[in-house]
Amino acid sequence: MLVLESKSKERNILLAVTLSLVACCSIALIIPNVSSAGEYPSTLRPQYNAQLTTPAPAGPLPAPARWRGLIGEYGPDDDILIILENDGQLCAMFKRGALEPLNEVAGNTFKFPAPGAHAEQHLIFARARGGRATQVAVDSVVLKRRQIEPEGRANQLRVKPLRPVPELMKEARAAQPPKETGEFRPADLVELTKLDPTIRLEIRYATTNNFLGTVFYSEARAFMQRSAAAAVVRANRRLRAQGYGLLVHDAYRPWYVTKVFWDATPDDKKVFVADPSKGSRHNRGCAVDLTLYDLKTRTPIEMVSTYDETSDRAYPNYPGGTSLQRWHRKLLRDAMEAEGFTVYEAEWWHFDYKDWQKYRIGNVTFEQIGLHSL
C-alpha cells in the first residue's frame with residue numbers, strides 16, 4: 001500500500017513539473033524579447049502592434065443619390081431653410097431650429113409628419129436638368145435655392161477682390177510685418193512631405209484655383225515648425241489605421257500673402273482671413289489647412305463644404321450636408337485635436353497648433369527656406 005502511494009505521488013509531481021514547463025515555453029513564445037532599453041525588436045513590433053489595433057469604426061451610409069440634388073439652403077437671409085440628410089432620413093431645419101424629418105411622397109414631393117410645427121405641409125422641389133434643385137415650395141411659399149456653393153463641378157468658390165490683386169501684391173511685398181516684442185523660439189520650418197511622404201499636397205495658392213484666382217506661391221510645398229509638423233505626421237498615422245490620409249492645402253504662409261488676402265476680401269467675408277496687423281498663425285508656421293483622402297482610391301473625401309469656401313457651410317459646427325460628410329469632418333477634427341491642434345471657429349479645414357504663440361510672424365518665401373528646411 002505504501003509503495004503504491006509513493007508511485008502515485010511521483011506521477012503527480014512529474015505531471016506538475018511537465019505542465020509548468022509547457023506553460024513557461026508558451027509564455028516565452030508569446031512575449032517578445034525586450035531589450036534593456038525597454039524596446040521590442042523591430043521585427044516583432046508590427047505583429048505586436050497589429051494585435052492592439054482596433055477595427056476602424058464604420059461611418060454612416062452615403063445619402064441616397066436621388067436626394068443629393070435637394071440638399072442645400074433655400075430662402076432669404078432672414079428665413080433660411082436647410083435641407084439635409086440625417087441617418088438615412090431627409091430632414092428640414094428652419095432658422096437653425098429643430099430638425100424635422102420629411103416623409104417621401106413621390107418624386108420631388110415630401111411631407112412633414114404629424115404632429116409637428118409644420119404637420120402635413122408639403123414640400124415640392126423643382127430641379128434643373130442636372131438634377132439639382134433650384135427651389136422648393138412649402139405649400140404656397142416658394143423658396144429659391146441660395147447660391148452659396150461653387151457652380152457646377154467646381155471645387156473652389158471665388159471672391160471678387162476689392163482691388164486688383166497685382167496692385168495689392170506689389171504693396172504687400174513692400175510692406176513689413178508688425179513688430180513683436182518678447183521671447184520667441186527660433187524658426188525651424190520643415191517640409192511635411194519629407195517627414196512623411198504619405199501626406200499628400202494640393203496647394204491651391206500655387207495655382208489659380210483659389211478664392212482669389214491668383215498664383216501666390218511659386219512652389220507647391222508645405223512647411224511647418226518642427227513640433228507642429230511632427231504632430232501632423234502623428235495625426236496622419238492615426239488616420240491611416242482607419243483607411244484615410246491627410247491632404248494638405250496650405251501650411252506656412254508668408255505674411256505678405258496674408259496682407260493681400262485681407263486687403264482683397266470684402267468686409268462681410270473677413271472672418272475667413274487673418275488681420276495682417278496681428279499676423280496669422282499660418283505666418284508663424286503653426287497652422288495647417290487640410291482634409292482627408294481615401295487611401296484606396298487616393299481621392300479627396302467629400303466634406304460639407306469645399307475648401308476655402310466663404311459661406312456658413314465652412315463652419316465646423318454647420319448642421320447641413322449629409323451624415324457621412326459630417327462624420328468625416330468629425331473624424332478629421334478628432335485626429336487633429338488628439339495631437340494638440342484646435343479647429344478655427346469659421347473653417348473646418350483650418351487647425352492651429354498649441355505652440356503658435358511661441359514663434360514670430362514669418363515673411364520669408366518658400367525659395368528662401370529652400371534646402372535648409374531639414
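Arg 298 is partly exposed, with a relative accessible area of 47%, and its phi is near 60°, a positive value in a residue other than glycine. This residue lies in the loop between strand 14 (287–294) and helix 8 (323–337). Asp 308 is found in the loop between strand 14 and helix 8 as well, and phi of Asp 308 is likewise near 60°, again positive in a residue that is not glycine. Asp 308, however, counts as buried because its relative accessibility is 8%, where buried means under 20%. These and the following values were computed from a predicted model.

A further backbone feature is the cis peptide bond that joins Ala 114 and Pro 115, with omega at about -5°. Pro 115 has its place in the loop between strand 6 (109–111) and strand 7 (122–127).

**The chain as a whole**

The protein chain contains 9 helices and 16 strands, and buried residues make up 44% of its 374 residues. Among the contacts in the chain with a separation of 6 or more, 65% are accounted for by residues 24 or more positions apart. The accessible surface of the chain comes to about 20,200 Å², and 55% of that surface belongs to carbon and sulfur atoms.

**A sheet and a covered helix**

Strands of a sheet pair through backbone hydrogen bonds, either parallel or antiparallel. In this model, an open sheet of 5 strands has the order 11-13-14-16-15, and its pairing is mixed. Its edges are formed by strand 11 (200–201) and strand 15 (341–344), each of which pairs on one side only. Strand 11 runs parallel to strand 13 and is joined to it by 2 bridges; Arg 200 has Leu 247, in strand 13, as its bridge partner.

Helix 7 (residues 255–264) is mostly covered, since 8 of its 10 residues are buried. Those buried residues include the aromatic side chains of Trp 255, Tyr 256 and Phe 261, and Lys 259 is also among them. The buried residues of helix 7 pack against helix 4 (165–174).

**Two pockets**

Rolling a probe the size of a water molecule over the atoms shows where empty space is left. The two pockets described here are set side by side in the table.

| Pocket | Volume | Nonpolar lining residues | Polar lining residues | Charged lining residues |
|---|---|---|---|---|
| Largest pocket | about 940 Å³ | 14 residues | 15 residues | 11 residues |
| Second largest pocket | about 450 Å³ | 11 residues | 5 residues | 10 residues |

The largest pocket is lined by 40 residues, and those that lie nearest its centre are Arg 68, Glu 302, Met 303, Thr 306 and Arg 313. Strand 1 (72–74), strand 2 (81–86) and strand 13 (244–250) each supply at least two residues of this lining. Strand 13 is therefore a part of the pocket lining that also belongs to the open sheet. The second largest pocket holds about 450 Å³ of space. Of the 26 residues that line the second largest pocket, Val 273, Ala 274, Ser 280, Tyr 344 and His 350 are the closest to its centre. Strand 16 (residues 347–353) gives the most to this lining, with 4 residues, and strand 16 is also one of the strands in the open sheet.

Conventions: Residues numbered from 1 in each chain as written. Predicted model: local features only at pLDDT ≥ 70, side-chain atom pairs only at ≥ 80, totals over all residues. Heavy atoms only, no water. 1 Å grid on protein atoms, 1.4 Å probe; cavity = no way out; pocket = protein on both sides within 12 Å on 5 of 7 lines; lining within 4 Å. Points joined across faces, edges and corners; volume = space filled by probe spheres on them. Nonpolar A, V, L, I, M, F, W, Y, C, P; charged D, E, K, R; others polar. Buried < 20%, exposed > 50% of the residue type's maximum accessible area, 1.4 Å probe, protein only. Contact = heavy atoms within 4.5 Å. Areas by Shrake-Rupley, 256 points an atom, 1.4 Å probe, with all protein chains shown as cover. Pairing = 2+ DSSP bridges.
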